[in-house]
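Dear colleague,

I am passing on the structure we spoke about, and beneath it you will find an account of what turned up when I went through it. Please read the notes with the structure open beside them.

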Amino acid sequence: MTDPRNPAISLRKKPKQARSEESVSIILQAAVQVLAKEGASRFTTARVAEKAGVSIGSLYQYFPNKAAILFRLQSDEWQQTTALLTRILGDTAAPPFDRLRTLIHTFIRSECEEADMRIALDDAAPLYRNAPEAQEVKATGERAIQRFMEEVLPGVDQATRLLAAELITTTMDTVGKEFSQSPRNEVEIENYSDAMADMFCAYLERLGSQ
């Protein structure tokens, strides 16, 4: 039996046909609109079904509860961020610090562009933050940054590299969300990203020289 404090968040039925995939896509697009308008506290499956123009029964064929819908939205966002992180940090044709600087600029800009949705999803995070599916998605991004640390800090012990990875990712996530809660223009985004990149690069240079 599912613990009500940690509800099932996986798709109830995997879409195998184009029509089913289209139905899921319509439901998710409606969910984004409902979440943006109502916020996490007023987000319900009934509102999503109404917005999507489907019956509540049709919605439940794919998503067992509202947590499953919110997790899918969050999971998609995490996967996009992870793919971005992996692609930029894994591009070994560019110097490591250039890659880190590019990542920070891209991440901060993305935070600002999607601030309203991210804030709403953060409000819903208690519904799924401890679920195995959530932990698995987040672990993929953590492995990418850890591989980068192994490259940029080859002579540093593993414990220090792990600490550096955690510090950088936590700072990016926390400070990025705080910065994006107010409207920002392009100059502000560039200056803030440059300052954060300078700070991280100096920190890693210091660790590498010890």
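To begin with the cysteines, the count of disulfides in this chain comes to zero, and I should say at once that the model is a predicted one. Cysteine 112 counts as buried, since its relative accessibility of 19% falls under the 20% limit, and cysteine 201 is buried as well, with a relative accessible area of 7%.

As for the overall architecture, the chain has nine helices and zero strands, so that the pattern read along the sequence is α-α-α-α-α-α-α-α-α. Of the 210 residues in the chain, 40% are buried, and the chain exposes about 11800 Å², of which carbon and sulfur atoms supply 51%. If one takes the contacts with a separation of 6 or more, 71% of them are between residues 24 or more positions apart.

Turning to the interior, the largest nonpolar core has 30 residues, and those with the most contacts inside it are Ile104, Ile108, Phe148, Met149, Leu153, Met172 and Leu204. At least two residues of this core come from each of helix 4, helix 5 (96–113), helix 7 (132–152), helix 8 and helix 9, with helix 9 giving the most, namely eight residues. Apart from this core lies another, of 21 residues, which includes Ile27, Val34, Ala40 and Leu59. To return to one member of the largest core, methionine 149 touches Arg161, Ala164, Ala165, Ile168 and Leu204, if residues up to four places away in sequence are not counted.

Glutamine 146, which also lies in helix 7, is partly exposed, with a relative accessible area of 29%. Once its neighbours within four places in sequence are left aside, glutamine 146 is in contact with Leu162 and Ala165, and the last of these, Ala165, is also touched by methionine 149. The C-alpha atoms of glutamine 146 and leucine 163 are separated by 9.7 Å, and these two residues are 17 residues apart along the chain.

A search of the whole structure for aromatic pairs finds one. This pair is formed by phenylalanine 179 and tyrosine 192 and is stacked, with 3.9 Å from centre to centre and 20 degrees between the planes. Because phenylalanine 179 lies in helix 8 (residues 158–180) and tyrosine 192 in helix 9 (residues 186–209), the pair ties together parts that are 13 residues apart in sequence. The two partners can also be described by their accessibility: phenylalanine 179 counts as buried at 5% relative accessibility, whereas tyrosine 192, with a relative accessible area of 29%, is partly exposed.

A last point concerns a charged residue in helix 4 (residues 66–89), namely glutamate 77. Which side chain does the side chain of glutamate 77 join through a polar contact? The partner is glutamine 74, and the polar contact between the two side chains is 2.9 Å. Glutamate 77 is itself buried, because its relative accessible area of 11% is under 20%.

With best regards

Notes: Residues are numbered from 1 along each chain as its sequence is written. This is a predicted model: local features need pLDDT of at least 70, side-chain atom pairs count only at pLDDT 80 or more; totals for chains, interfaces and linings use all residues. Side-chain values use heavy atoms; hydrogens and water are left out. Helices (H or I, at least four residues) and strands (E, at least two) are DSSP runs, numbered from the N terminus. Buried means under 20% relative accessible area, exposed over 50%, partly exposed in between (1.4 Å probe, protein chains only). Contact means heavy atoms within 4.5 Å. Accessible areas come from the Shrake-Rupley method with a 1.4 Å probe; for residues, only the protein chains shown count as cover. A disulfide is a pair of cysteine sulfur atoms within 2.5 Å. Rings of Phe, Tyr and Trp (its six-membered ring) pair if their centres lie within 6.5 Å; planes under 30 degrees apart count as stacked, over 60 as edge-to-face and the rest as tilted. A polar contact is a pair of N or O atoms within 3.5 Å; within protein, one must be able to donate a hydrogen and the other to accept it, and residues adjacent in sequence count only if both atoms are side-chain atoms. A nonpolar core is a set of buried Ala, Val, Leu, Ile, Met, Phe, Trp, Tyr and Cys residues joined through side-chain atoms within 4.5 Å.
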